[in-house]
Amino acid sequence: MNVNVTGPYVHFSIPIFGDFSIGISQTFVSLLIVTTLLCIACVQLGKGLSKRPGKKQVLVEKGILMMRNMVMETMGAHNAYWTPYILTIFLSSICGSLIGLTGFFRSTTADLSVPLTWGVMTSVIIWYNTIKRNGFLGWLKGFAEPVAVMTPMNIISEIAQPISMAFRHFGNVAGGGVITSILYTALGMASAALLGFLSKTVAIPVIVLVLGAYLFYMGRKNKKTARWITGVVFGVLGLLGILQYTGLVQNIPILQLGIPAVLSVYFDLFSGFVQAFVFSLLSMVYISGSCPPPEEQA
């Protein structure tokens, strides 16, 4: 079984300097669409605000307050102003994963460069706050603590932080895509083998079709849901076997219907939400370490 798993397809390139060019890839297009939709949503949801809010405004305010409370509980009340940044990463991650459900666009989070960029942004914010609080020399001095021999390990730790955040997010999303691709291929092969067996002789699909009709009739008569559903499955398989035996259809991937959708719900919805939450939570924890309460800064 050969499964071809490739990176994002590059639609075209824009030359900049000589041989250097910028490639417009599937990830870039998906990211542009997600960013545009989020901007439009922010503008639309921010219109018509009133002291007596409607249902739309109540939902928006509830969502923002939930995120603000989570930021305050994790980072402290003095860091509540980081809510827009955390909310932006959270929504970008979720929408970037969900866009893959369309079947036309690639998930932005399935490209390592996207979560890596978010991780580097978080690290830059941490470094900026540390330098702002302790000065540039104080920031460099932190790499030599607790002892000078730890300096290489401290430097590696600073570099590894955004990389580990990116690979954690990317690995789960990309891994789900690989598993789904393998499952699609396996189910296609299984469908071909099943229909090939049913269409060896006309007797086999006819028997399956008659059995399916019997199970459907008895299930409906006795109000047995599982029985009549099984009858429908057998009837469809028998009918497809007859059609393939007569040469009207060939190798319909019937087993690919429904089963991959269940995995897609997990990998693209549940797992995508969890990874967005984990990435946002790690960003809050790391940033809060560089933004202690005012009394500790004094």
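The following paragraphs describe the nonpolar cores, aromatic pairs, cysteines and selected helix residues of a predicted model.

The largest nonpolar core of the model comprises 21 residues, and those with the most contacts inside this core are Trp82, Tyr85 and Ile287. Four helices, namely α2 (55-75), α3 (83-98), α4 (113-141) and α8 (259-290), each contribute at least two residues to the core. When neighbours within four places in sequence are left aside, Ile287 is in contact with Met75, Trp82, Tyr85, Thr122, Ile125, Ile126 and Asn129. The list of partners of Ile287 thus includes Trp82 and Tyr85, which are themselves named, together with Ile287, as the residues with the most contacts inside the core. A second, separate core is made up of six residues, among them Leu198, Val208, Leu240 and Ile254.

Aromatic side chains were considered next. Across the whole structure, six aromatic pairs are found. One of these is formed by Phe167 and Phe170, whose rings are arranged edge-to-face, with 6.4 Å from centre to centre and 85° between the planes. The two residues are separated by about one helical turn, because they are three residues apart in helix α5. Phe167 is partly exposed, its relative accessible area being 46%, and Phe170 likewise counts as partly exposed, at 21% relative accessibility; since buried residues are those under 20%, the value of 21% for Phe170 does not meet that cut-off.

The rings of Phe216 and Trp228 form a further pair, which is edge-to-face because the planes stand at 85°, while the ring centres are 6.1 Å apart. Phe216 belongs to helix α6 (residues 203-222) and Trp228 to helix α7 (residues 225-246), so this pair ties together parts that are 12 residues apart in sequence. Both rings belong to partly exposed residues, with a relative accessible area of 38% for Phe216 and a relative accessibility of 25% for Trp228. The ring of Trp228 also has a charged partner, as the charged end of Arg220 sits over this ring, 5.3 Å from its centre. Elsewhere, Tyr81, Trp82 and Tyr85 are linked by ring pairs into a cluster, and of these residues Trp82 and Tyr85 have already been named in connection with the largest nonpolar core.

With regard to cysteines, the structure holds zero disulfides. Cys95 is in no disulfide, and the nearest cysteine sulfur, belonging to Cys42, lies 9.7 Å away. Cys95 is partly exposed, with a relative accessible area of 27%, whereas Cys291 counts as buried at 6% relative accessibility.

Cys95 is also among the partners of Leu38, a residue of helix α1 (residues 26-45). Not counting residues up to four places away in sequence, Leu38 touches Leu91, Ser92 and Cys95. In addition, Leu38 and Thr88 are 50 residues apart in sequence, while their C-alpha atoms are 9.0 Å apart in space.

Finally, Gln161 is found in helix α5, which spans residues 151-198. Gln161 is buried, because its relative accessible area of 15% falls under the cut-off of 20%. Apart from its neighbours within four places in sequence, Gln161 is in contact with Ser123, Ile126 and Tyr286. One of these partners, Ile126, also appears among the contacts of Ile287, the residue described at the outset as having, with Trp82 and Tyr85, the most contacts inside the largest nonpolar core.

Notes: Residues are numbered from 1 along each chain as its sequence is written. This is a predicted model: local features need pLDDT of at least 70, side-chain atom pairs count only at pLDDT 80 or more; totals for chains, interfaces and linings use all residues. Side-chain values use heavy atoms; hydrogens and water are left out. Buried means under 20% relative accessible area, exposed over 50%, partly exposed in between (1.4 Å probe, protein chains only). Contact means heavy atoms within 4.5 Å. Rings of Phe, Tyr and Trp (its six-membered ring) pair if their centres lie within 6.5 Å; planes under 30 degrees apart count as stacked, over 60 as edge-to-face and the rest as tilted. A charge sits over a ring if NZ of Lys or CZ of Arg is within 6 Å of the ring centre and within 35 degrees of the ring normal. A nonpolar core is a set of buried Ala, Val, Leu, Ile, Met, Phe, Trp, Tyr and Cys residues joined through side-chain atoms within 4.5 Å. A disulfide is a pair of cysteine sulfur atoms within 2.5 Å.
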